[in-house]
Amino acid sequence: MERRLSVATHWGSFTAVVDSGRLLRIEPKDDDPAPSPIGPGMVRAAEDGARVLRPAVRRGWLDGRPREGGSARGADSFVEVGWDEALALVGDELRRVRERYGDAAVFGGSYGWASAGALHSAQGQLQRFLALGGGYTDSRNTYSTAALEVILPHVIGGHPWSYQSRMPMWDEIAEGCELVVAFGGLALKNSQVNPGGLARHRTRDLQRRCRDAGVRFVNVSPIRSDTADFLGAQWLPVVPNTDTAAMLGIAHTMLVNGWHDEDFLRRCCTGFDRFAAYLLGEADGVPKDAAWAAAITGIDRGTLTDLARRLTAQRSLVVVNYAVQRADHGEQPIWMSVVLAAMAGSMGRPGCGWGAGYATMDATGVAPGRPSVASVPAVPNPVPDFIPVARIADALLHPGRSIDYDGRRLTLPELRLVYWCGGNPFHHHQDLHRLARAWQAPDTVVVHESWWNTTAKFADVVLPVATGLERDDFTAGFCDPHLTAMPKVREPAGESRTDHRIFADLAARLGYGREFTESRTEAEWLRHLYERTRAALDDPAALPDFDAFWRRTTAELPALTGPFPGSFAALRADPQRFPLATPSGRIEVFSAEIDSYGYDDCAGHPAWYEPAEWLGGDLAERFPLHLVSNQPASRLHSQYDNGGRSLESKIRGREPVTLNPADAAARGIADGAVVRVFNDRGSCLAGAVLSEDVMPGVVQLATGAWWDPVEPGAGGTLDRHGNPNSLTADRPCSRLSQGPSALSALVDVERHDEPLPDVLAFVPPPLER
Ligand SMILES: Nc1nc2c(c(=O)[nH]1)N[C@H]1C(S)=C(S)[C@@H](COP(=O)(O)OP(=O)(O)OC[C@H]3O[C@@H](n4cnc5c(=O)[nH]c(N)nc54)[C@H](O)[C@@H]3O)O[C@H]1N2
Ligand SMILES: Nc1nc2c(c(=O)[nH]1)N[C@H]1C(S)=C(S)[C@@H](COP(=O)(O)OP(=O)(O)OC[C@H]3O[C@@H](n4cnc5c(=O)[nH]c(N)nc54)[C@H](O)[C@@H]3O)O[C@H]1N2
Ligand SMILES: [Mo]
């Protein structure tokens, strides 16, 4: 008999149809106005040939343990072992590394999105386990928004993510705004997703409401389809990584024409004079005027002048997405966008001003927040050491080296054991060749995975983990007030187990099992987390009890209403009474704090710095195309690259790469052909798609195709599948944030007329038993 069960994922809630334990289909929900096609495609991957079915240990590591020196990590075969043996190996190795090298030698930063769920949070479970065992070196900030997270608290104060509740929501924009200028666009493909899940996809309809209300949109982006067709946006193709120059040119025009909001700048901001001197070129002799900006950005002077006029004459909103800051000097477009909004006159007015990340996730601009949902209780980490998240290869390659970070000096720790659980560094990190080299340094790499992706293939011990469909949990996504039950819809594939169970067993072996589990079973934990969530509400009766919730499968948390701390409306009304949490209490157009760091790549006010790689630089003579490695429409990062939706998007098995027809014609490339994308760091195969939506000089290749190196570990080796991080540079944004700068990479593309190698990304390594 068919049964219908509730499913929740980072890309939405669905219904699983199962029969006698078999997962037949995953269906969209009737009340979701824009369900994601990633959901139904999950069935294809649930038990495909790439599943990790049993614990597996790399042959070379098993033979030479503890390993010192070079090894064949990434190219070796694996030996399948029983759980007892696998857990004994991991437990003994953890103990050895802690005793011999200290607790900071264990890296537990383990960045990654893992799966939705309050209890089965992979990173939460790992870090609780490692903290109780003595501690670990952590990572700080995210690959998503590291530059934003570090710069914004200096500029507008508050928690790095607090802007989410301080910027206008879509319905307020529909009501109060006339003009939205979006640097990086408002791509609906990205609002399929929300961290932790979402009950209903609302962004599309809310954008439509704005259009219906007469709001005009400007899409400043290298790609036209970064705004939906129905918005009828004006498209301003911009040379990638030059948004700061465009904004400076607009700001200069406002200033010299006296269109800027002097009153707001004087009362609610600090340091505008210092910045104005830079704009006017008083020190360097270069006025950052519209003509100057036009030469850099490719947006003509008249258009920039017109934007300056419209932004100041109309009720306007300046928005930036996240991709603009995942770039060399990525702090600058974020800082400068706040300054531009402050000058434009709409800051703090309803539906207007400044915002970031609209449509990068569904909840941004939809809901300002929700009451907190209990999660795996964090244990304070006894080890204070951390690395900025994207400096992992640096840490492995250069232990002991010191680096700058947000006004501090950090010493890169010596990492001997890397424990990854819930992320895929061999998709997400830049310059995978460099990472593969760095990855040979530690004694041991332990990975929990469900599939034999590249990170699993580069591990020493792989522990098979149950997927989000294979365990009981519940979730409420980021800013989303809906709780959704996630009952197990199928048994774990092979011998896989939950992360929690694996850590509970390991903790027991290491003598702290009780502390880890608090003597609760998984079922008891679930109930406990739900009841804690309920008890923390002002009115616990607003939520049904656990059993009623589990039967009904959904429940709604009470809405959070403002005003939220750090409101720009309050600041505009009375900066004395409602200061921001910055040193001056105002918006810091000039930051004395950042200025005091003395960085040559991030001064005390926003400025234009030439990116290390861009179309205006010398390298463009050899590599004349800018690589835009954006988020995939067909999956979440690398997750479900083996799902139906992603597989059907491939071209002859390769990831699609989109080029402008003129760039393709110049290279003799036809639509649907397999091409080689290359630069000095590496190369990959991809399937060509020709489209006028991509501006000339730009190629678009989404992230997440499982990296498929011909010779794993060999520098610059060809990737048969199309992961853009075979081409990107592992270079920090600046000394301030040390964030990733994936979007600053130049490449060229050529026809690939040679015989096509098979894609082996989804094939497990050789397994012995
Ligand atoms: N070139 C380039 N690179 C980029 C970006 C870019 O724009 N350009 N974007 C960056 C950004 S914004 C991000 S956020 C990162 C994303 O990088 P990641 O978050 O690392 O990517 P995911 O593919 O989501 O990886 C999650 C992994 O966890 C596994 N997993 C899922 N559920 C569980 C679980 O319950 N337990 C365990 N143990 N494992 C689980 C999945 O199988 C998958 O392998 O990529 C970054 N990389
Ligand atoms: N379907 C799907 N949705 C996702 C994700 C996913 O993997 N799949 N990942 C989620 C995650 S973790 C994150 S952090 C967000 C990321 O959200 P974003 O970082 O905003 O998303 P991207 O798709 O990387 O980039 C959006 C667009 O920015 C434009 N862009 C790139 N460089 C520049 C530039 O220099 N200037 C300008 N003006 N535009 C530029 C590109 O044309 C690109 O299409 O998306 C989330 N949403
Ligand atoms: Mo992200």
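This report describes the two ligand sites, the aromatic ring pairs and two loop residues of a predicted model.

Residues are numbered from 1 along each chain as its sequence is written, while chains are lettered from A and ligands numbered from 1 in the order in which they are written. Because the model is predicted, local features need pLDDT of at least 70 and side-chain atom pairs count only at pLDDT 80 or more, whereas totals for chains, interfaces and linings use all residues; side-chain values use heavy atoms, with hydrogens and water left out.

**Ligand 1**

A residue is near a molecule if one of its heavy atoms lies within 4 Å of it. Ligand 1 is surrounded by 33 residues, and the closest are Ser-115, His-428, Glu-449, Asp-499 and Ser-638. By class, this shell holds 10 nonpolar, 19 polar and 4 charged residues. Here Ala, Val, Leu, Ile, Met, Phe, Trp, Tyr, Cys and Pro count as nonpolar, Asp, Glu, Lys and Arg as charged, and the others, Gly among them, as polar.

The table below lists polar contacts of both ligands (pairs of N or O atoms within 3.5 Å).

| Ligand atom | Protein partner | Distance |
|---|---|---|
| Oxygen of ligand 1 | Trp-113, polar backbone atom | 2.8 Å |
| Oxygen of ligand 1 | Arg-326, side-chain N or O atom | 2.9 Å |
| Oxygen of ligand 1 | Gln-639, polar side-chain atom | 2.8 Å |
| Oxygen of ligand 2 | Lys-189, polar side-chain atom | 2.6 Å |
| Oxygen of ligand 2 | Asn-321, side-chain N or O atom | 2.9 Å |
| Oxygen of ligand 2 | Ala-323, polar backbone atom | 2.9 Å |

Taken alone, ligand 1 exposes 920 Å², of which the protein buries 98%. Accessible areas come from the Shrake-Rupley method with a 1.4 Å probe, and for residues only the protein chains shown count as cover.

**Ligand 2**

Around ligand 2 there are 32 residues, of which Lys-189, Asp-226, Asn-241, Asp-243 and Arg-326 come nearest. This shell divides into 16 nonpolar, 11 polar and 5 charged residues.

**Aromatic rings**

Rings of Phe, Tyr and Trp (its six-membered ring) pair if their centres lie within 6.5 Å; planes under 30 degrees apart count as stacked, over 60 as edge-to-face and the rest as tilted. By this rule the count comes to 32 aromatic pairs. The rings of Phe-129 and Phe-503 have centres 4.9 Å apart and planes at 25°, so this pair is stacked. Because Phe-129 lies in helix α4 (residues 122–132) and Phe-503 in helix α19 (residues 499–509), the pair ties together parts that are 374 residues apart in sequence. Helices (H or I, at least four residues) and strands (E, at least two) are DSSP runs, numbered from the N terminus. Both Phe-129 and Phe-503 are buried; that term means under 20% relative accessible area, with exposed over 50% and partly exposed in between (1.4 Å probe, protein chains only).

Ring pairs also link Phe-107, Trp-420, Phe-426, Trp-439, Phe-458 and Trp-707 into a cluster. A charge sits over a ring if NZ of Lys or CZ of Arg is within 6 Å of the ring centre and within 35 degrees of the ring normal. The charged end of Arg-208 sits over the ring of Phe-230, 4.8 Å from its centre, and that of Arg-416 sits over the ring of Tyr-101, 4.1 Å from its centre.

**Two loop residues**

Thr-582 belongs to the loop between α23 (568–573) and β23 (587–588), and counts as buried at 9% relative accessibility. Its side chain reaches the backbone oxygen of Arg-586 at 2.6 Å. Tyr-599 is placed in the loop between α24 (592–597) and β24 (625–628), and its relative accessibility of 7% makes it buried. Tyr-599 and Ser-734 are 135 residues apart in sequence and 8.6 Å apart in space, C-alpha to C-alpha.

Conventions
A polar contact is a pair of N or O atoms within 3.5 Å; within protein, one must be able to donate a hydrogen and the other to accept it, and residues adjacent in sequence count only if both atoms are side-chain atoms.
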